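Student: I should like a close look at a single part of this model, set in the context of the whole chain. Please state the criteria behind each term as it arises.

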Amino acid sequence: MTDVLRAVLIGAFGGTGAVSRYMLDRFVQTRTSSYFPFGTLTVNLIGAAALGAVDALGSISELSKLIASVLGVGFLGGFTTFSTLIYESFAMLTQRGTRLSGFANLAGSIALGLTAYLAVFELVRRA
């Protein structure tokens, strides 16, 4: 596969991931009565777990490496959102009465995301 075709696939899957992120984030956030960004947290944890599976599968064959790059860089790159995590955490950190939630969002997202990635990576690798 050429680099151009790979780039086109990554772009197409990235757009699909971004739309999926928006829809899932809104679905989750509208069902919570909290200012806490549960939608972003959900998206990022699902993305971290899925990336763990994609990375584990990517070590199997050349075809798996292609699929891993398209899904990992493309779809999951568009799906997950570090910038929104930072923006929402900053907003909570700078508002009186929500600073603890801002720190919890940052620390929890990183700790839970890493745990989700590692757990799924190991499960898929050992399967």
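Tutor: The following account moves from the whole chain to helix α5, and then to helix α1 and the loop after it.

The model is predicted: local features require a pLDDT of at least 70, side-chain atom pairs count only at pLDDT 80 or more, and totals for chains, interfaces and linings use all residues. Residues are numbered from 1 along each chain as its sequence is written, and side-chain values rest on heavy atoms, with hydrogens and water left out.

The chain contains five helices and zero strands, in the order α-α-α-α-α from the N terminus. Helices (H or I, at least four residues) and strands (E, at least two) are DSSP runs, numbered from the N terminus. Taken along the principal axes, the C-alpha atoms fill a box of roughly 55 × 30 × 25 Å. Of the 127 residues, 33% are buried, where buried means under 20% relative accessible area, exposed means over 50%, and partly exposed lies in between (1.4 Å probe, protein chains only). The chain exposes about 7700 Å², with carbon and sulfur atoms supplying 71% of that area; accessible areas follow the Shrake-Rupley method with a 1.4 Å probe, and for residues only the protein chains shown count as cover. Among contacts (heavy atoms within 4.5 Å) between residues at least 6 apart in sequence, 65% join residues at least 24 apart.

Helix α5 covers residues 99–126. Its end C-alpha atoms are 40 Å apart, which agrees with the 40 Å that its 28 residues should span at 1.5 Å a residue; the expected span is 1.5 Å times one less than the number of residues. S101, G102, N105, S109, G113 and A116 are its buried residues, and their cover includes α2 and α4 (82–94). N105 illustrates this: the residue counts as buried because its relative accessibility is 3%. Leaving aside residues up to four places away in sequence, N105 touches F36, P37, L85, S89 and M92.

Further along α5, charged side chains pair. The structure holds three salt bridges, a salt bridge being a side-chain nitrogen of Lys or Arg within 4 Å of a carboxyl oxygen of Asp or Glu. E122 forms one with R125 at 2.7 Å, N to O, and another with R126 at 3.0 Å, N to O, so that E122, R125 and R126 are linked in a network. Because E122 and R125 are three residues apart in α5, about one helical turn separates them; E122 and R126, four residues apart in that helix, are likewise separated by about one turn. An α-helix has 3.6 residues a turn, so residues three or four places apart point the same way. E122 counts as partly exposed at 25% relative accessibility, as does R125 at 48%, whereas R126 counts as exposed at 65%.

A further salt bridge joins the side chains of R26 and D25 at 2.6 Å, N to O. D25 counts as buried because its relative accessibility is 11%, while R26 is partly exposed at 35%. D25 is one of the buried residues of α1, together with G14, G17, V28 and Q29. Helix α1 has 27 residues and reaches 38 Å from its first C-alpha to its last, close to the expected 39 Å.

M1, V4, L5 and V8 make a nonpolar surface patch of about 400 Å². Patches consist of residues with over 30% relative accessible area and no salt bridge; like charges are joined within 9 Å, and nonpolar side chains (Val, Leu, Ile, Met, Phe, Trp, Tyr) within 5 Å. L5, in α1, counts as partly exposed at 42%.

F27 also lies in α1 and is partly exposed, with a relative accessible area of 46%. F27 and T2 are 25 residues apart in sequence and 37 Å apart in space, C-alpha to C-alpha. The backbone oxygen of F27 lies 3.3 Å from a polar atom of the T30 side chain. T30 itself belongs to the loop between α1 (3–29) and α2 (38–58) and is exposed, with a relative accessible area of 55%.

How values were computed: A polar contact is a pair of N or O atoms within 3.5 Å; within protein, one must be able to donate a hydrogen and the other to accept it, and residues adjacent in sequence count only if both atoms are side-chain atoms.
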